[in-house]
Structure formats: C-alpha cells, structure tokens
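Trainee: Could we go through how the labels given to individual residues are justified?
Mentor: Gladly; let us set each value against its cut-off.

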Amino acid sequence: MKPLTSYNRVAGYLNKIFDLLNEEFFENSLSRPTITIQSTPRAYGHFSLREDTWVSKLGGTHEINIGAGTLARPIESVTATLLHEMIHYYNYEQGIQDCSRSGTYHNKRFKEAAESRGLIVERSDKYGWSHTSPGDVLLDFVLEHGLTDILINRNEYTGFQIPGTGTHSGVEEGPARRNSSTRKYLCPCCGMSVRATKTVRVKCMDCDEPMMLAG
C-alpha cells in the first residue's frame with residue numbers, strides 16, 4: 001500500500017477501517033456514516049446524533065469526525081477513536097442512552113459497550129467513562145489487518161495529547177498520553193511502517209531492506 005500522505009487517501013482509509021471494525025465488532029449492523037476530517041477543539045473525534053447531518057439525493061447520514069490535528073498519532077490510537085465514536089453510533093441505533101450533560105458525560109452503559117469491544121476505559125470526574133485507549137483485543141485487530149500509520153496531519157499548534165478519546169458531541173479533556181504497548185518498525189528507504197507486540201526481525205519486501213525499530 002502507498003504511504004498515507006494525502007488527504008484523499010486518508011479519507012478512504014478511514015472508511016476502510018470503519019468497515020473492518022463494523023464487521024469485527026458490530027456484525028456489520030452499522031450503515032456507513034459520512035466520515036469527516038475536521039478540526040475538533042479539545043477532542044479527537046465526535047459522533048453526530050442527527051441522521052441528516054449530511055444529505056444527498058440518496059438520503060441523510062450521521063457524521064463521525066476524526067480531528068484533523070490528531071491523524072498522525074499511532075494508528076492503534078486513531079482506530080480506538082474511530083471505534084469510540086462507532087460505539088456511540090451503535091448505542092444510538094439501539095436506543096441506549098450512553099451520555100448525559102449535553103452529550104459529554106459518558107455513563108456505565110458506554111463503559112460496558114467499549115470494554116466489550118477491545119477498549120480500555122478510564123473515568124474522569126467531569127466527563128465520566130470517556131477516556132478510551134486500545135486494549136489487547138484492538139491491538140491484535142490492528143496487527144491482524146496490517147493497519148499502518150497515517151503520515152499526514154493538520155498543523156494546529158496544539159499541545160492537546162490524549163490517546164483514543166472522543167466525545168459524543170462536545171468538548172473533551174483528559175490525562176496525559178500513555179505510551180503505546182506496540183513497537184514500530186520503519187523501512188529506511190520508503191518509510192513504510194509496521195507494528196508488532198514484541199521485538200521481531202522484519203524486512204520491507206518492496207525495498208528488500210531490513211526494517212529498523214523507530215525511536
């Protein structure tokens with residue numbers, strides 16, 4: 001696969017990840033929403049409750065947004081954000097209220113749904129069970145499907161760093177970023193990356209070069 005260095009390619013890649021997550025964790029029960037890449041102040045993503053957030057001659061769709069300034073995080077964290085928002089989407093479709101306080105406070109219904117789908121969930125006093133990060137199940141999913149890092153990011157000059165947190169429809173705050181449990185290897189020639197949960201020896205088949213552990 002070509003490196004993910006263009007906006008259009010990344011947009012398509014996020015739709016691909018959505019489809020894979022939909023099959024793995026939701027039995028393909030979710031219709032594909034409009035996935036956008038826009039600035040999301042103080043959050044990594046959001047899900048829109050409105051079924052006509054985007055409209056065309058074919059009808060309306062919900063929106064899941066991934067923050068444009070957060071794309072270049074480790075791919076497992078971007079995937080965790082997308083899964084977080086998909087859980088909101090699934091709960092909405094099932095008539096399960098998983099948030100209160102104008103959609104910012106995540107309750108135990110969200111926690112249970114997120115933990116059952118491979119996310120680690122932590123609580124904050126202000127936003128409830130809102131802080132999510134990839135657990136072993138989701139890390140295995142990323143490795144199994146060979147998901148690779150996104151190599152483009154909107155320069156927003158922000159120090160906001162929280163892995164895998166999204167909001168239902170509002171502002172999000174949280175603790176400092178935790179280190180990833182995976183190792184990243186890079187091809188010194190083309191820059192292609194892969195991840196592993198342990199130290200491995202791996203070669204780029206395109207360049208016939210050993211990959212190097214990223215610092």
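Trainee: Why is D136 called exposed?
Mentor: This is a predicted model, and in it D136 has a relative accessible area of 61%; because exposed means over 50%, D136 is called exposed. The residue lies in helix α4.

Trainee: What makes K203 partly exposed?
Mentor: The relative accessibility of K203 is 43%, and since buried means under 20% and exposed means over 50%, with partly exposed in between, K203 counts as partly exposed. This lysine lies in strand β12, residues 203-204.

Trainee: Which residues does K203 touch, leaving aside those up to four places away in sequence?
Mentor: K203 touches D208, E209, P210 and M211, where contact means heavy atoms within 4.5 Å. As for C187, which is 16 residues apart from K203 along the chain, the two C-alpha atoms are separated by 7.7 Å.

Trainee: Why do D136 and its partners count as a patch of negative charge?
Mentor: The members are E23, E24, D136, D140 and E144, gathered on the surface, and because Asp and Glu count as negative, the patch is a negative one. Like charges are joined within 9 Å, and each residue needs over 30% relative accessible area and no salt bridge; the 61% of D136 therefore passes that area cut-off.

Trainee: Which helices supply at least two residues each to the negative patch?
Mentor: They are α1, residues 7-26, and α4, residues 136-144, with α4 giving the largest share, three residues.

Terms used:
Residues numbered from 1 in each chain as written. Predicted model: local features only at pLDDT ≥ 70, side-chain atom pairs only at ≥ 80, totals over all residues. Heavy atoms only, no water. Patch = residues over 30% accessible without salt bridge, like charges linked within 9 Å, V, L, I, M, F, W, Y side chains within 5 Å. Areas by Shrake-Rupley, 256 points an atom, 1.4 Å probe, with all protein chains shown as cover. Salt bridge = Lys/Arg side-chain N within 4 Å of Asp/Glu carboxyl O. Charge placed at Lys NZ, Arg CZ, Asp CG, Glu CD. Helix = DSSP H or I, 4+ residues; strand = E, 2+ residues; numbered from the N terminus. Buried < 20%, exposed > 50% of the residue type's maximum accessible area, 1.4 Å probe, protein only.
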